[in-house]
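Reader: I am new to this structure and would like a close look at a single part, the surroundings of the ligand.

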Amino acid sequence: MSRLLIAAGNWKMHKTMEEASAYAEAFLPRMRMYRGLEIVVCPPFTALSVLQSAFRGTQVQLGAQNVHWEPQGAFTGEISVRMLQEFGCRYVIVGHSERRHIFRETSEEVGRKVKTLCVFGISPILCVGEKLEERDRGKTYEVVREQLQKGIAHLSPEEARNLVIAYEPVWAIGTGRAATPEDAEEVIRFIREELARAFNPHVAEYVRILYGGSVTPDNVFSFVVQKNIDGTLVGGASLDPSKFLSIVEETERAFIEKSKGA
Ligand code: PGA
């Protein structure tokens with residue numbers, strides 16, 4: 001089957017409203033319609049409004065970088081699903097390694113966020129991935145399995161169809177040292193098998209699984225052309241409109257290549 005691919009940009013804590021507008025002005029006129037893929041931009045909360053206007057009627061969809069699991073309440077500094085829906089967010093990144101490791105988010109908390117998003121019909125981009133020392137100790141599959149199992153713990157098979165998963169080895173994020181496409185494919189195939197076990201083979205075939213970690217215009221094709229890799233979650237390179245545009249173009253090229261084999 002051919003799943004719709006995803007080219008997603010995670011801006012992290014970069015770009016003011018003004019810088020986000022300038023980005024859209026540089027990016028949008030150079031876009032055309034792309035086949036077989038979705039383009040997703042996840043800016044900081046403060047830039048959602050300007051980008052909602054800028055991206056209206058284009059192929060670019062909006063995502064956020066975090067959400068609270070409760071629909072509302074006394075949670076100072078947090079943001080709810082319905083607040084994000086007001087900006088037309090279709091995706092929300094959850095469990096990014098920076099949130100897990102800098103802000104000490106637990107896999108249980110991530111699982112609650114995933115559940116809330118799926119209930120509200122927003123797609124979580126659930127990030128999982130091992131640290132370098134865990135890889136060196138041969139623990140990659142164990143760590144990924146645990147993060148995944150806790151992340152999807154509360155979902156029914158129907159809700160799970162909203163899921164997007166991103167495999168992001170922590171040692172590859174922002175380091176310029178990407179995984180090899182073969183290694184990423186192997187872990188992602190393992191994630192798909194785990195989904196089949198947790199839900200059913202149909203859900204496992206349906207869910208999009210991305211690779212993230214030092215993705216660039218030069219290496220993106222080699223990842224996305226892999227059988228089980230359905231796109232990328234891009235940090236640094238997504239901040240530059242020209243580089244992100246090349247990533248989108250290369251993702252389409254991979255889609256065309258994969259459709260030949262299908
Ligand atoms: P990077 O970040 O592309 O800068 O390595 C990826 C991510 O954190 O999602």
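Which polar backbone atom is 2.8 Å from an oxygen atom of the ligand?

Author: In this predicted model, the polar backbone atom that lies 2.8 Å from an oxygen atom of the ligand belongs to Gly236. Two further polar contacts can be set beside it: a polar side-chain atom of His96 is 2.6 Å from an oxygen atom of the ligand, and a backbone N or O atom of Ser214 is 2.7 Å from an oxygen atom of the ligand. Of the 280 Å² of accessible area that the ligand has on its own, the protein covers 95%.

The shell around the ligand holds 13 residues, of which Lys12, His96, Glu168, Gly174 and Ser214 come nearest, and by kind these shell residues divide into seven polar, four nonpolar and two charged.

For the wider setting, one may turn to the largest nonpolar core, which has 70 residues, and in which Leu126, Leu163, Ile165, Ile191, Leu195 and Tyr211 touch the most other members. Leu126, when residues up to four places away in sequence are not counted, touches a set of residues including Val94, Val110, Leu148, Leu163 and Ile165, and also Arg100 and Gly151. Apart from this core lies another, of twelve residues, with Ile6, Ala8, Tyr91 and Cys127 among them.

Finally, Thr16 lies in the loop between β1 (5–10) and α1 (17–27); because its relative accessible area is 43%, Thr16 counts as partly exposed. Its C-alpha atom is separated by 8.4 Å from that of Pro44, although Thr16 and Pro44 are 28 residues apart along the chain.

How values were computed:
Residues numbered from 1 in each chain as written. Predicted model: local features only at pLDDT ≥ 70, side-chain atom pairs only at ≥ 80, totals over all residues. Heavy atoms only, no water. Core = buried A, V, L, I, M, F, W, Y, C linked by side-chain atoms within 4.5 Å. Buried < 20%, exposed > 50% of the residue type's maximum accessible area, 1.4 Å probe, protein only. Contact = heavy atoms within 4.5 Å. Near = heavy atom within 4 Å. Polar contact = N/O pair within 3.5 Å; in protein donor to acceptor, adjacent residues only side chain to side chain. Areas by Shrake-Rupley, 256 points an atom, 1.4 Å probe, with all protein chains shown as cover. Nonpolar A, V, L, I, M, F, W, Y, C, P; charged D, E, K, R; others polar. Helix = DSSP H or I, 4+ residues; strand = E, 2+ residues; numbered from the N terminus.
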